[in-house]
Amino acid sequence: MSGTRRRFFQDAAIFGAGLLGLSESIEAQAEKPMQMRPREAKHAHTPPAGTPLPVMTPDVADLPHEMDGGVKVFHLVAEPVKKKIAPFKTLDVWGYNGSCPGPTIQVQQGDRVRVVFENRLPESTSLHWHGLEIPIEQDGVPYISQKPVAPGEKYVYEFTVHQEGTFFYHAHSAMQEMMGQIGFFVAHPEKDYRPRVDHDYGLILQEWAVLPSNTVPNTAAMEFNWLTFNGVAAPMTTPLLARMGSRVRLRILNLGMDHHPVHLHGHQFVVTGTEGGRAPESTWYPMNTVLVGVAQARVVEFEAKYPGAWMIHCHLPHHMMNSMMDLLRDRQIETADQTDMKALSQMESLAKSVPFEHVHHAPVAQDAEKVPGFPQDAFMEMGMDEVVEKPETYGLPKNWSAGMMGMMTMIRVLPEKEYDAIMAKKKAGRLSTQEEHHHEL
Ligand SMILES: [Cu+2]
């Protein structure tokens, strides 16, 4: 890399504080086991019998509830949401309670559940409970099972959950779904699953077609350029944490226009459940890539045996990328005739519009330009560790974020001491930010 270029990118200011505050706020909420019976992290190996281990959906909060007699009452509000999906990209999407995807609802098998639903969208909508066996009046299909809920109106859903498993709620209108209107509905089993797990994480897979310099996804397009886990593209995805030797459950949910083969590095898992509930152990077999089709949930479990930061990502190559089209504007990345000078000018425009440090770290050959096809991934890596820093990224190797794009996160399998150190950091962060992060959920 030329000295000019290095200097240029090092001169670019780093904006970190604002974003960091935001991620911590989301994180703080996501960590709160919202009225589920919380467990101390240090007891993660030995939960008292009958205590459900709450699912954690990184970067997405839980929806709290209140009790009305024997009924768990939730308040869910459909509304437009400004969603930062990458440090350099904010979308105008639709979601619930200020969140996209919507906040995670957690109940227990057998619960009577009431959801007071309010529509603050500019158009009519409804709520469908995907996979739940409930009376037809609660099914949430406009014109078929209910009148559409008009803007400004409320509608009350109430049903008993007799199932266990990974379900979801979503608008039953195709374009609203593609605007982001989905969230987890997790029903914990009456009797614990065996074997017990120590960590339970949820990931919602979404994709967005956003034209250059636009903020509103094109819900009729089939060419998706932004791919997200829980509403954020890597490296903004918050790493999952696991104690070495623990058992981990991942619930992966897909609502989009593509099926995603989700791959885990370094470990084998078994599929222990689908969108229909728990699968019998006789059906489990080892794999490391699970195809999560549209409208499907796949629940996988594995022993976190090997220390390290292990990728979890959709393996479709295009889904392991972030779009830079609107940063580069009319100077889009070319895959032919790219020269060092051209790449530099593209990256200069990028760095001007997005104030984070951008340095190319991976060397290219002296005569790279003579090779047909060059460049491919050269010039594309964007290390932005500082911008996406949070307790969960503590101790990762420098420029780790340059290797993370699109539908991607990681599970950090950590020895006891390192795990505890990060948990302490998270706790400290939460205490210091508690006051300013009261969200109405
Ligand atoms: Cu994919």
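**Close-up views of a predicted model**

**View 1. Pro195 lies in the loop that runs between strands β9 (182-188) and β10 (199-208).** The model shown in this and the following views is predicted. The peptide bond leading from Arg194 into Pro195 is cis, and its omega is near -10°. A cis peptide bond is also found from Cys100 to Pro101, where omega is near -5°. Pro101 belongs to the loop between β3 (89-96) and β4.

**View 2. Strand β10 is buried along its length, with 10 of its 10 residues counted as buried.** The strand is therefore largely enclosed by the rest of the structure. In a regular strand, side chains point alternately to the two faces of the sheet. Both faces of β10 are covered. One side carries His199, Tyr201, Leu203, Leu205 and Glu207, the other side carries Asp200, Gly202, Ile204, Gln206 and Trp208, and all of these residues are buried.

**View 3. Strand β10 pairs with β13 in the parallel sense and with β11 in the antiparallel sense.** Strands of a sheet are paired through backbone hydrogen bonds, and the pairing is either parallel or antiparallel. Between β10 and β13 (residues 247-254) there are 7 bridges. Asp200 has Arg249 of β13 opposite it. Between β10 and β11 (residues 226-229) there are 4 bridges. Here the bridge partner of Trp208 is Trp226 in β11.

**View 4. The largest cavity of the model has a volume of about 140 Å³.** Rolling a probe the size of a water molecule over the atoms shows where empty space remains. The model holds 8 cavities of 30 Å³ or more. The lining of the largest cavity consists of 12 residues. Those nearest the centre of this cavity are Leu53, Asp192, Tyr193, Arg196 and Arg249. By class, its lining comprises 5 nonpolar, 2 polar and 5 charged residues. Arg249 also appears in View 3, as the residue of β13 opposite Asp200.

**View 5. A copper ion is coordinated by His260, Cys314 and His319.** The donor atoms are ND1 of His260, SG of Cys314 and ND1 of His319, at 1.9 to 2.1 Å from the ion. Along the sequence, the spacing of the donor residues is H-x53-C-x4-H. His260 and Cys314 link distant parts of the chain, being 54 residues apart. His260 is in strand β14 (residues 260-264), and Cys314 is in strand β19 (residues 308-314). His260 counts as buried because its relative accessibility is 0%. Cys314 is buried as well, its relative accessible area being 0%.

**View 6. Strands β4, β9, β8 and β6 form an open sheet.** The order of the 4 strands is β4-β9-β8-β6, and their pairing is mixed. At the edges are β4 (102-108) and β6 (128-130), each of which pairs on one side only. From one strand to the next, the twist averages 25°. Strand β6 runs antiparallel to β8 (residues 165-170), and 3 bridges join the two. Trp129 has Tyr169 of β8 opposite it.

**View 7. Strand β5 (residues 112-119) has 7 of its 8 residues buried.** It is therefore largely enclosed by the rest of the structure. Strand β5 pairs with β2 (residues 71-86) in the parallel sense over 8 bridges. Val77 has Glu118 of β5 opposite it. Strand β5 is also joined to β7 by 7 bridges, and these two strands run antiparallel. The bridge partner of Val113 is Phe159 in β7.

**View 8. Tyr143 has a positive phi, near 75°, in a residue other than glycine.** Tyr143 is located in the loop between β6 and β7 (154-160). The residue counts as exposed because its relative accessible area is 71%, and the cut-off for exposed is over 50%.

**View 9. Asn399 and Gly403 are found in the loop between α5 and β20.** This loop connects α5 (340-353) with β20 (408-414). Asn399 is not a glycine, but its phi is positive, at about 65°. Gly403 counts as partly exposed because its relative accessibility is 48%. Gly403 is separated from Gly383 by 20 residues in sequence and by 7.8 Å in space, C-alpha to C-alpha.

Note on methods:
Residues numbered from 1 in each chain as written. Predicted model: local features only at pLDDT ≥ 70, side-chain atom pairs only at ≥ 80, totals over all residues. Heavy atoms only, no water. Pairing = 2+ DSSP bridges. Axes fitted to C-alpha atoms, helices over the stretch in contact; angles between N-to-C directions. Donors = N, O, S within 2.8 Å, 3.2 Å for Na, K, Ca; no water. Buried < 20%, exposed > 50% of the residue type's maximum accessible area, 1.4 Å probe, protein only. 1 Å grid on protein atoms, 1.4 Å probe; cavity = no way out; pocket = protein on both sides within 12 Å on 5 of 7 lines; lining within 4 Å. Points joined across faces, edges and corners; volume = space filled by probe spheres on them. Nonpolar A, V, L, I, M, F, W, Y, C, P; charged D, E, K, R; others polar.
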